[in-house]
Amino acid sequence: MSISLSSLILLPIWINMAQIQQGGPDEKEKTTALKDLLSRIDLDELMKKDEPPLDFPDTLEGFEYAFNEKGQLRHIKTGEPFVFNYREDLHRWNQKRYEALGEIITKYVYELLEKDCNLKKVSIPVDATESEPKSFIFMSEDALTNPQKLMVLIHGSGVVRAGQWARRLIINEDLDSGTQIPFIKRAVAEGYGVIVLNPNENYIEVEKPKIHVQSSSDSSDEPAEKRERKDKVSKETKKRRDFYEKYRNPQREKEMMQLYIRENGSPEEHAIYVWDHFIAQAAAENVFFVAHSYGGLAFVELMIQREADVKNKVTAVALTDSVHNVWHQEAGKTIREWMRENCCNWVSSSEPLDTSVESMLPDCPRVSADTDCFVILKKIACKYTSRE
């Protein structure tokens, strides 16, 4: 059994406390002092000293993983599924490794959308300048020109991006379970135009600029010799502080700041923007939505903001485990009535597929997805694309 450095550091303190607690009243002050010392120790920072560097590969091959012919992620050498606990007792490091792999998979899915599904990547805002933050969506070549039908896909919240339903399913199950690719391929085969939203891509991250502290010598009227002495002390102080910080937090990550994307700073804003600039301009007589989890909330917000237009263009909406709430979102009576006629929410349930599930909200019908909404997503792909 391995013992971490942080445990070794704290062990003598814990032993000392146990011995002191066995003593008389005079020892209580020592116990209080030790407890105060322990309260000042940042265990997270101590644990970072045990970590290997947070330096991970930037390709699947670098991780020694690949997707097999069944779309399952497997180790190149052993053929085993992905292992989260790659290093025992290093949960934070393992989580960072998982996140790094997840970012690679996001790019991999983007590539599949373009190469396997023949979708094109479209930058937004459509009038963005060269220097401002940008996002993108994916759409089929006929998305805006198909005269009959258009399917719009909206995923949920979290780390997922365009083309994904759930990262954990992509990693632990397969691409068909965790991505929107089966929907897209079936929709295209059935003659639909397709638009894939990217509602979680709301900002870009850049490193925070370092604040330049003006040297006292820049503006002081002090004698040159005195200024030199002060600058020397200042430099020595900074050197000691930097050395201490490196010791205290050897795994310190870069400080980042978020630059939000204009008119796409939230999933709700994104849905409205894509509606205004793409879906509303589409030639299709019938528009169909498939929205999962928070994507359902984004659709309801779109409906609230663009009620007449949505009613005019949208034929049906398939929701899965939608987290919308018509009361909290203040959806009006006419919206609730339209949802009852044109929406259906498949929810996780132990009941057989399509069994009616009681709802506290007076909006769309809720039916069972037969324990797992990600299973029903596949089934909707077959059933839903046949409706005209």
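## Exercises on a pocket, a core and a proline

In this predicted model, α5 gives the largest share of the lining of the largest pocket, ten residues. Let's work outwards from there.

**Exercise 1.** Describe the largest pocket by its volume, its central residues and the classes of its lining.

*Solution.* Start with the space: the largest pocket holds about 900 Å³. Next, look at who lines this pocket: there are 25 residues, and Lys96, Glu99, Ala100, Glu103 and Glu205 are the closest to its centre. Finally, sort the lining by class: 13 residues are charged, ten are nonpolar and two are polar.

**Exercise 2.** Find which residues touch the most other members of the largest nonpolar core, and which element gives this core its largest share.

*Solution.* The core has 44 residues, and those that touch the most other members are Leu73, Leu101, Ile105, Leu113, Phe138, Ile184 and Val196. Now turn to the elements: α5 supplies the largest share of this core, ten residues. Another core lies apart from it, with 38 residues, including Met139 and Val326.

**Exercise 3.** Place Pro81 in the fold, decide whether Pro81 is buried, partly exposed or exposed, and list its contacts beyond four places in sequence.

*Solution.* First, locate Pro81: this residue sits in the loop between β2 (73–75) and α5 (91–115). Second, take its relative accessible area, 36%. Buried means under 20% and exposed over 50%, so Pro81 is partly exposed. Third, setting aside neighbours within four places in sequence, Pro81 contacts Tyr65, Leu73 and Arg74. Leu73 in turn touches Leu101 and Ile105, among others.

Note on methods:
Residues are numbered from 1 along each chain as its sequence is written. This is a predicted model: local features need pLDDT of at least 70, side-chain atom pairs count only at pLDDT 80 or more; totals for chains, interfaces and linings use all residues. Side-chain values use heavy atoms; hydrogens and water are left out. Helices (H or I, at least four residues) and strands (E, at least two) are DSSP runs, numbered from the N terminus. Buried means under 20% relative accessible area, exposed over 50%, partly exposed in between (1.4 Å probe, protein chains only). Contact means heavy atoms within 4.5 Å. On a 1 Å grid over the protein atoms alone, a cavity is a set of points where a 1.4 Å probe fits but cannot get out, and a pocket is an open set with protein on both sides within 12 Å along at least five of seven lines; lining residues have an atom within 4 Å of a point. Grid points are joined across faces, edges and corners, and a volume is the space filled by probe spheres set on the points. Ala, Val, Leu, Ile, Met, Phe, Trp, Tyr, Cys and Pro count as nonpolar, Asp, Glu, Lys and Arg as charged, and the others, Gly among them, as polar. A nonpolar core is a set of buried Ala, Val, Leu, Ile, Met, Phe, Trp, Tyr and Cys residues joined through side-chain atoms within 4.5 Å.
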